[in-house]
Structure formats: structure tokens, C-alpha cells
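The following exercises guide a reader through one structure, step by step. Please keep the sequence and the structure in view while working through each solution.

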Amino acid sequence: MKRKNKESPFTSEEKSLIKEAIRAKKKAYAPYSKYWVGSALMDDRGKVFTGCNVENASYPAGLCAERTAIVKMVSEGGKRIRKIVVAASSQVPVFPCGMCLQVIQEFGSDCEVIAVNKKGDQIQKITMSSLFPFAFDPEKLKG
Ligand code: THU
């Protein structure tokens, strides 16, 4: 029986960002958790930045993949995140942790977040506003 070609819900730009995140995961330094994560983001200029988790013997000093990519973007002049991908080493896709959500909120409150599992056969996409609807953001500081 002929199988119908299912149309992908992801754009070619998103597919290549997903590939970059999976590639970045190979650089992860995670000897403690053995949970390897890669991230890739596209900024408002269309520039791509990647990151991986970087753990430390002093556990709280470790950094998540998403924040590694964001810090690279900001330090290279990027202002806003358009899309960010998280590629994890688990069977299921995972969305950013609370601390990363807060940092994504600062630079990409209106961005899209894509999560991909280890095999790359489960991919989920959600808007930042639905993922973090009651976020604390710079506006709130205005009193
Ligand atoms: N981690 C990430 O890098 N991103 C996530 O979205 C979830 C967790 C890292 C932090 C730590 O190095 C390891 O995964 C286990 O929590």
C-alpha cells in the first residue's frame, strides 16, 4: 500500500535550526547528570547561535544549553530571539526549565519554542506566551 507523504508542520528554517540544536548537543559537557542538551536560536537579524549545557563540579554553577545560546547572542549584538530549539537526550521532548524561561522572556517574549527528543522523531512547538503566560518581565518593574 502506498503511504501518503505527511506534510511537515515545520518550515525549512525551523528544520535547519532543529539540526543545529541536535549538532550542538554533541558538545554538551554533562559528566554529572549525563543529560546532554543542545540549543539553537535565531535572532531578529536571522543570525543563528548555538549552545550546550555546561556543568560544573560545583553543581549550581552549571549552565543550561538555552542560556548558553542566549548569552552568545546578546554578547554578539543580538537583541531579540525569534525561535529557540531545545534538543534533549531524553525519550521525550523537554521544554526549557524555569530559569531559562525567565531569560528567554527577557529577550524573546513573543518567540516560538521548539522541543525535540533524543531520536529526533518527536518535535513539539509552542509560543512563549502560552508556555509562560504570567511571566515576570521588565514592564512589571515600572510599578
Ligand atoms: N538542562 C538544559 O540544558 N536545558 C533544559 O531545558 C533542561 C536541563 C540541563 C541542565 C543540566 O546540565 C542537565 O540538563 C540536567 O538537568
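**Exercise 1. Identify which members of the largest nonpolar core touch the most other members, and which elements supply the core.**

Solution. The structure is a predicted model.

Step 1. The largest nonpolar core holds 14 residues, and those touching the most other members are Leu41, Ile70, Ile81, Ile84, Ile104, Cys111 and Met128.

Step 2. At least two residues of this core come from each of helix 2, strand 3 (81-88) and helix 3 (98-108). Helix 2 gives the most, namely three residues.

Step 3. A separate core of 10 residues lies apart from this one, and its members include Leu17, Ala21, Val85 and Ala87.

Step 4. As a general background, nonpolar side chains in soluble globular proteins tend to be buried together.

**Exercise 2. Determine which residues of helix 2 are buried and what covers them.**

Solution.

Step 1. In helix 2, the buried residues are Ala65, Glu66, Arg67, Thr68, Ala69, Ile70 and Met73.

Step 2. Their cover includes strand 1, strand 2, strand 3 and helix 3.

Step 3. Isoleucine 70 serves as an example: with residues up to four places away in sequence not counted, isoleucine 70 touches Leu41, Ile81, Ile84, Val103, Ile104 and Phe107.

Step 4. Just after helix 2 comes glycine 77, whose phi is positive, at about 95°.

**Exercise 3. Describe the shell around the ligand and the polar contacts that the ligand's oxygen atoms make.**

Solution.

Step 1. The ligand is surrounded by Ser33, Tyr35, Val37, Asn53, Glu55, Cys64, Ala65, Glu66, Val86, Phe95, Pro96 and Cys97. Sorted by class, the shell comprises eight nonpolar, two polar and two charged residues.

Step 2. In the side chain of glutamate 66, an N or O atom is 2.6 Å from an oxygen atom of the ligand. For alanine 65, a polar backbone atom is 2.9 Å from a ligand oxygen. For asparagine 53, an N or O atom of the side chain is 3.0 Å from a ligand oxygen.

Step 3. The ligand taken alone exposes 370 Å², of which the protein buries 76%.

**Exercise 4. Decide whether asparagine 53 is buried or exposed, and describe its surroundings.**

Solution.

Step 1. Asparagine 53 belongs to the loop between strand 2 (48-52) and helix 2 (65-75).

Step 2. Its relative accessible area is 6%, and buried means under 20%, so asparagine 53 is buried.

Step 3. Once neighbours within four places in sequence are left aside, asparagine 53 is in contact with Ala28, Tyr29, Ala30, Tyr35, Trp36, Val37, Leu63, Cys64 and Ala65.

Step 4. A polar atom of the asparagine 53 side chain lies 2.8 Å from the backbone oxygen of tyrosine 35.

**Exercise 5. Classify lysine 34 and proline 9 as buried or exposed, and place each in the chain.**

Solution.

Step 1. Lysine 34 is found in the loop between helix 1 (12-25) and strand 1 (37-43). Its relative accessibility is 52%, and exposed means over 50%, so lysine 34 counts as exposed. Although lysine 34 is not a glycine, its phi is positive, at about 55°.

Step 2. Proline 9 is placed in the segment before helix 1. With a relative accessibility of 62%, proline 9 counts as exposed.

Step 3. Apart from neighbours within four places in sequence, proline 9 is in contact with Glu14 and Lys125. Proline 9 and lysine 125 are 116 residues apart in sequence, while their C-alpha atoms are 9.3 Å apart in space.

Key. Residues numbered from 1 in each chain as written. Predicted model: local features only at pLDDT ≥ 70, side-chain atom pairs only at ≥ 80, totals over all residues. Heavy atoms only, no water. Helix = DSSP H or I, 4+ residues; strand = E, 2+ residues; numbered from the N terminus. Buried < 20%, exposed > 50% of the residue type's maximum accessible area, 1.4 Å probe, protein only. Near = heavy atom within 4 Å. Polar contact = N/O pair within 3.5 Å; in protein donor to acceptor, adjacent residues only side chain to side chain. Areas by Shrake-Rupley, 256 points an atom, 1.4 Å probe, with all protein chains shown as cover. Nonpolar A, V, L, I, M, F, W, Y, C, P; charged D, E, K, R; others polar. Contact = heavy atoms within 4.5 Å. Core = buried A, V, L, I, M, F, W, Y, C linked by side-chain atoms within 4.5 Å.
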